[in-house]
Amino acid sequence: MEELLRSLALFKPEVALTAGLLLVVLVDSTGAAWRNAAMRTLTLASLAVALGFAFNLQASAAKGALFSGMLVVDPLGAAFKVVLVAAGLLTVLAFTFRNSRELHGLGQGELFALVLALVLSSMLLAAANDLVMLYLALEMVSITSYVMVAYLKGDRMSNEASLKYVLFGAASTGTMLYGLSFLYGMTGTTALPGIQEFLAGGVPEANRFAIYAITLLLLVGFGFKIAAVPFHFWCPDVYQGAATPVTALLSVLPQAAGLAIVLRFFYGTLSTAGAGPWDLEGSIGWGQLLMVLSVLTMTVGNVAALTQTNMKRLLAYSSIAHAGYLLMGVVALSDNGARSLLVYLAAYLFMNLGAFLVVTLVHLHDGTFDLRDYPGLYRRAPLLTIAMAFFLLSLVGIPPFVGFLGKLYVFGAVVEKGMGLYAVIAAVNAAIGAYYYFRVLKVMTIDAGNEDRPPLVLATADRAWLVVFALANLLPILFWSRIDAWA
């Protein structure tokens with residue numbers, strides 16, 4: 001009982017989300033006319049309370065295993081929890097059933113419950129300290145995501161996207177489970193610290209190939225979750241088929257949770273203290289494998305985005321490319337590498353959610369996701385266009401926007417580790433990415449068309465959130481030392 005109470009004291013963010021999830025389900029079951037407003041309030045309250053607990057957990061610098069070692073509390077996990085809960089809170093605040101044409105008339109309780117479940121499962125994945133918990137949390141993230149993608153039950157594209165997501169997910173997580181079973185069979189334990197201790201004792205030559213095979217099998221599951229090449233095929237179809245608020249959330253939450261577990265698993269399980277951060281007994285370098293994965297991811301994402309005209313597919317390939325940049329922080333794996341990953345994630349949260357909010361508002365008024373319908377948008381909605389310019393320039397990495405600082409951190413981390421060529425390849429990819437981001441800006445501000453369409457009249461709340469996201473991409477440079485200290 002003492003162990004349980006100690007664990008619960010460090011488990012407050014998850015407890016707050018669980019309580020909120022149960023209350024949302026109960027309120028929705030009443031069928032009362034006031035339930036929609038009550039459920040949104042409960043969802044926002046539970047996310048806000050969880051965010052406060054996550055900040056307190058990080059400030060306390062608490063460390064230790066929870067629930068007999070199934071989960072772990074440490075500064076890394078606490079920082080990721082802050083990012084994950086903030087993503088859920090901002091999504092619920094900015095994207096509503098009012099400003100999303102796709103969500104009009106649909107039941108709200110299911111979506112609010114799914115959002116809370118996705119944030120909760122992502123936090124469990126980021127804190128997993130055991131193979132069993134790792135797999136269960138990954139499956140909870142996946143299953144919740146499948147249902148959210150199919151939330152537009154009457155839409156054929158949404159159902160098709162969900163089915164593709166399920167098929168890819170089943171194959172990738174099944175492959176990962178096969179690798180986990182091999183790892184358990186070799187080490188005799190499911191605890192990540194126990195696996196590290198076993199491997200640190202020396203791996204016989206006969207088992208060296210098995211370690212490589214296990215790593216590749218696990219990368220299938222991890223790569224699927226962060227949309228890394230070649231496990232990214234689900235991403236464009238899912239982003240296009242899902243409701244845009246769902247797409248916005250999926251573009252941040254599962255990716256951040258996946259990166260957290262990649263960081264924790266490779267650095268904390270398949271590495272040996274004193275033999276180099278990425279070496280197992282000084283002979284197996286995991287960094288090179290992940291470096292290749294990172295380069296392929298950013299290159300394929302950027303090149304594929306060049307020809308996209310559907311905004312949701314374009315942002316899907318953009319997310320794939322940014323997964324490659326985020327992996328740079330994992331490959332560098334040093335104190336600066338881990339910090340650069342957190343900084344980039346925090347920046348990515350605001351610039352990506354902002355871009356999806358613009359896409360949502362354009363679809364609300366014009367009913368289109370096609371870039372070819374965006375000409376003349378500056379004349380019809382100046383604020384919306386200026387905000388989109390902020391988000392796209394931040395995604396490119398142009399100073400003084402927050403995206404520049406994110407890229408500066410991950411580039412600096414790999415250069416510091418002597419990976420100059422890797423940084424050059426990433427810089428070339430950033431230049432490729434600039435082309436399609438600037439193409440969107442050109443269409444919105446320069447191309448002629450749609451002169452006969454009326455102005456886009458934005459609601460006060462939507463204008464406010466555009467301003468908030470735009471300022472969040474510009475102002476952090478003024479107090480960057482605090483953000484650096486947090487990371």
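Buried means under 20% relative accessible area, exposed means over 50%, and partly exposed is what lies in between. Keep those cut-offs handy for the views below, which all come from a predicted model.

**Figure 1. Ala227 and Pro230 share a loop.** Let's start in the loop between helix 9 and helix 10, where Ala227 sits. With a relative accessible area of 4%, Ala227 falls under the 20% cut-off, so it is buried. Ala227 isn't a glycine, yet its phi is positive, at about 60 degrees. Pro230 is found in this loop too, between helix 9 (205–226) and helix 10 (234–241). Check the peptide bond that joins Val229 and Pro230: it is cis, with an omega of about 5 degrees.

**Figure 2. Another cis bond, this one between two prolines.** Here the peptide bond runs from Pro399 to Pro400, and it is cis with omega near 10 degrees. Which helices lie on either side of Pro400? Pro400 is in the loop between helix 17 (382–396) and helix 18 (402–416).

**Figure 3. Phe67 in a loop between strands.** This view moves to Phe67, in the loop between strand 1 (64–66) and strand 2 (71–73). Phe67 has a positive phi of about 50 degrees, even though it is not a glycine. Is Phe67 buried or exposed? Neither one, as it turns out: its relative accessibility is 23%, so Phe67 counts as partly exposed.

**Figure 4. Arg98 reaches Asp462.** Side chains of opposite charge can pair when their charged atoms come close. In this view, the side chains of Arg98 and Asp462 form a salt bridge, with 2.9 Å from N to O. The partners come from distant parts of the chain, 364 residues apart: Arg98 belongs to the loop between helix 4 (75–94) and helix 5 (108–126), while Asp462 is in helix 20 (residues 460–472). Their surroundings are worth a look as well. Arg98 has 40% relative accessibility and so counts as partly exposed. Asp462 has just 2%, so it counts as buried.

**Figure 5. Glu102 meets Lys312.** The loop between helix 4 and helix 5 also holds Glu102, whose partner Lys312 lies in helix 14 (residues 311–332). These two are 210 residues apart, so here again a pair links distant parts of the chain. Their side chains meet in a salt bridge of 3.4 Å, N to O. Are Glu102 and Lys312 buried or exposed? Both of them are buried.

**Figure 6. Asp370 with Arg372, and a charged network.** The side chains of Asp370 and Arg372 make a salt bridge at 2.8 Å, N to O. Asp370 has a relative accessible area of 19%, under the 20% cut-off, so it is buried. Arg372, at 60% relative accessibility, counts as exposed. Elsewhere, salt bridges that share partners tie Arg156, Glu160, Lys164, Asp237 and Arg313 into one network. How many salt bridges does the structure hold? The count is 13.

**Figure 7. Asn429 and the residues it touches.** Asn429 is part of helix 19 (residues 420–445). Its relative accessible area is 3%, so Asn429 is buried. Which residues does Asn429 touch, leaving aside those up to four places away in sequence? Its contacts are Met298, Thr299, Asn302 and Tyr325.

**Figure 8. Ala347 inside helix 15.** Ala347 sits in helix 15 (residues 335–366). At 2% relative accessibility, Ala347 counts as buried. Now find Val468, which is 121 residues from Ala347 in sequence. In space, the two are 14 Å apart, C-alpha to C-alpha.

**Figure 9. Stepping back to the whole protein.** Zoom out, and you can place the close-ups among 21 helices and four strands. The C-alpha trace spans about 75 × 55 × 45 Å along its principal axes. What would a compact globule of 487 residues have as its radius of gyration? It would have one near 23 Å, and the protein's 22 Å agrees with that. Of the 487 residues, 59% count as buried. Among contacts with a separation of 6 or more, 79% are between residues 24 or more positions apart. The accessible surface comes to about 17,800 Å², and 69% of that belongs to carbon and sulfur atoms. As for charge, there are 27 positive and 26 negative side chains, with the centres of the two sets 7 Å apart.

How values were computed
Residues are numbered from 1 along each chain as its sequence is written. This is a predicted model: local features need pLDDT of at least 70, side-chain atom pairs count only at pLDDT 80 or more; totals for chains, interfaces and linings use all residues. Side-chain values use heavy atoms; hydrogens and water are left out. The radius of gyration is taken over C-alpha atoms; the globule rule is 2.2 Å times the number of residues to the power 0.38. Buried means under 20% relative accessible area, exposed over 50%, partly exposed in between (1.4 Å probe, protein chains only). Contact means heavy atoms within 4.5 Å. Accessible areas come from the Shrake-Rupley method with a 1.4 Å probe; for residues, only the protein chains shown count as cover. Lys and Arg count as positive and Asp and Glu as negative; His and the chain ends are not counted. The place of a charge is taken as NZ of Lys, CZ of Arg, CG of Asp or CD of Glu. A salt bridge is a side-chain nitrogen of Lys or Arg within 4 Å of a carboxyl oxygen of Asp or Glu.
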